[in-house]
Amino acid sequence: MTHRTARTAGLAAIALTLGLTLAACSDDAPDDASTDGSTAPAAPTDDGRATDAPADESDDAAEGDGDDGAADASDGSGSGDEAAAEGIGDRTTTALAALATAESEAGGTAFAIDDDDAATSWEVDVAVDGGTVEVTVDGAGTEVLATAEDDLDSEDRDALDGATVGLAEAIQRVVGQSGGTLEDADLDADGSQARWSISILTRDDVEEDHLVDLADGSVTQGG
């Protein structure tokens, strides 16, 4: 009887020791660890985002990208608006282009060019047979905006018939020699000798007039 009681007490003590050991091992295991040793994912919030990724940071990043894109688009459109508002660009280059465009449109010989009052387009007079066609060309000198027919003076017609130097060449000669920028040009046939009258703006912003011989292209300042 005594041996049985002692053995029963010993078994109870062993069971108690095993229970305490298992409890201690259970306390040491990480709460968020899965059975295979990997870390369990964070629980999603109501809107589907993980709790360890702050919602406000994600929203701020998205808003920042959108703002930058809008700013870039605004800058691009602003530059376009400013360029359009300038109208005529490099006056000599666009004037020469406008002369070619107008002559091609009317099928004649250009003998005068000037810009409109707003400096957004060119007005080119083209001699066609016994009359003239005023061709309005855009500021870039490439697109015809309007045309209008008129009469041609007999003096102008005679001068153009005998000219060997055209208006475009006369402009290039004057600009090349003076280093200025074209303002306007036309045929001066009122005097005893018909010549091209070319007005330029110098680098010092001084307006100068030059005369170009219709036969040999010689340039004389004044007019």
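Student: What covers the buried residues of α3?

Tutor: In this predicted model, the cover over the buried residues of α3 includes β1, β2, β3, β4, α5 and β5.

Student: Which residues of α3 are called buried?

Tutor: They are Arg-91, Thr-92, Thr-94, Ala-95, Ala-98, Leu-99, Thr-101, Ala-102 and Ala-106. Each falls under 20% relative accessible area, since that is the cut-off for the word buried. As general background, an α-helix has 3.6 residues a turn, so residues three or four places apart point the same way.

Student: How do you know that the span of α3 is close to the one expected?

Tutor: Helix α3 has 16 residues, and from its first C-alpha to its last it reaches 22 Å. The expected span is 1.5 Å times one less than the number of residues, which for α3 gives 22 Å. The two values agree closely. Just after the helix, Gly-107 adopts a positive phi of about 75 degrees.

Student: What makes Gly-89 partly exposed?

Tutor: Its relative accessible area is 44%. Buried requires a value under 20% and exposed a value over 50%, so Gly-89, at 44%, is partly exposed. The residue belongs to the loop between α2 (55–86) and α3 (91–106).

Student: Which residues does Gly-89 touch, not counting residues up to four places away in sequence?

Tutor: They are Thr-94 and Gly-139. A touch here requires heavy atoms within 4.5 Å. Ala-119 may also be placed relative to Gly-89: 30 residues separate the two in sequence, and their C-alpha atoms are 9.6 Å apart.

Student: Why is Asp-138 said to have no salt bridge?

Tutor: A salt bridge needs a side-chain nitrogen of Lys or Arg within 4 Å of a carboxyl oxygen of Asp or Glu. For Asp-138, the nearest side chain of opposite charge is that of Arg-91, at 13 Å. That distance lies outside the 4 Å limit, so Asp-138, although buried, has no salt bridge.

Student: Where is Asp-138 found, and with which residues is it in contact, leaving aside its neighbours within four places in sequence?

Tutor: Asp-138 is part of strand β3 (residues 131–138). Its contacts are Thr-120, Ser-121, Trp-122, Glu-143 and Leu-145.

Student: How do you know that β3 and β4 pair?

Tutor: Two strands pair if there are at least two bridges between them. Strands β3 and β4 are joined by 7 bridges and run antiparallel, so the criterion is met. Within this pair, Val-135 has Thr-147 of β4 as its bridge partner.

Student: What is the order of the strands in the open sheet?

Tutor: The 8 strands follow the order β4-β3-β2-β1-β5-β6-β7-β8, with antiparallel pairing. At the edges stand β4 (144–151) and β8 (219–221); each has a single partner strand, so one side of each lacks a neighbour in the sheet. From one strand to the next, the twist averages 25 degrees.

Student: Which strands does helix α4 touch as it packs on the sheet?

Tutor: Helix α4 (residues 154–162) touches β1 (109–115), β2 (121–128), β5 (181–188) and β6 (195–201), and its direction makes about 105 degrees with that of β5. Helix α5 (residues 167–178) also packs on the sheet, touching β1, β5, β6, β7 (207–213) and β8. The direction of α5 makes about 45 degrees with that of β6.

Student: What makes β6 mostly covered?

Tutor: Of the 7 residues in β6, 5 are buried. The strand is joined to β5 by 7 antiparallel bridges, among them the one between Thr-181 and Leu-201 of β6. A further 7 bridges link β6 to β7, again antiparallel, and Trp-196 stands opposite Val-212 in β7.

Student: How many residues lie between β6 and β7 in their hairpin?

Tutor: There are 5, and Asp-205 in the turn has a positive phi of about 60 degrees. The hairpin of β5 and β6 has 6 residues between its strands.

Student: Why is Leu-211 called buried?

Tutor: The relative accessible area of Leu-211 is 8%. The limit for buried is under 20%, so Leu-211, at 8%, qualifies. Leu-211 lies in β7, and its C-alpha is 8.7 Å from that of Asp-188, 23 residues away in sequence.

Technical notes. Residues are numbered from 1 along each chain as its sequence is written. This is a predicted model: local features need pLDDT of at least 70, side-chain atom pairs count only at pLDDT 80 or more; totals for chains, interfaces and linings use all residues. Side-chain values use heavy atoms; hydrogens and water are left out. Helices (H or I, at least four residues) and strands (E, at least two) are DSSP runs, numbered from the N terminus. Buried means under 20% relative accessible area, exposed over 50%, partly exposed in between (1.4 Å probe, protein chains only). Lys and Arg count as positive and Asp and Glu as negative; His and the chain ends are not counted. Axes are lines fitted to C-alpha atoms, for helices over the stretch in contact, and angles run from 0 to 180 degrees between N-to-C directions.
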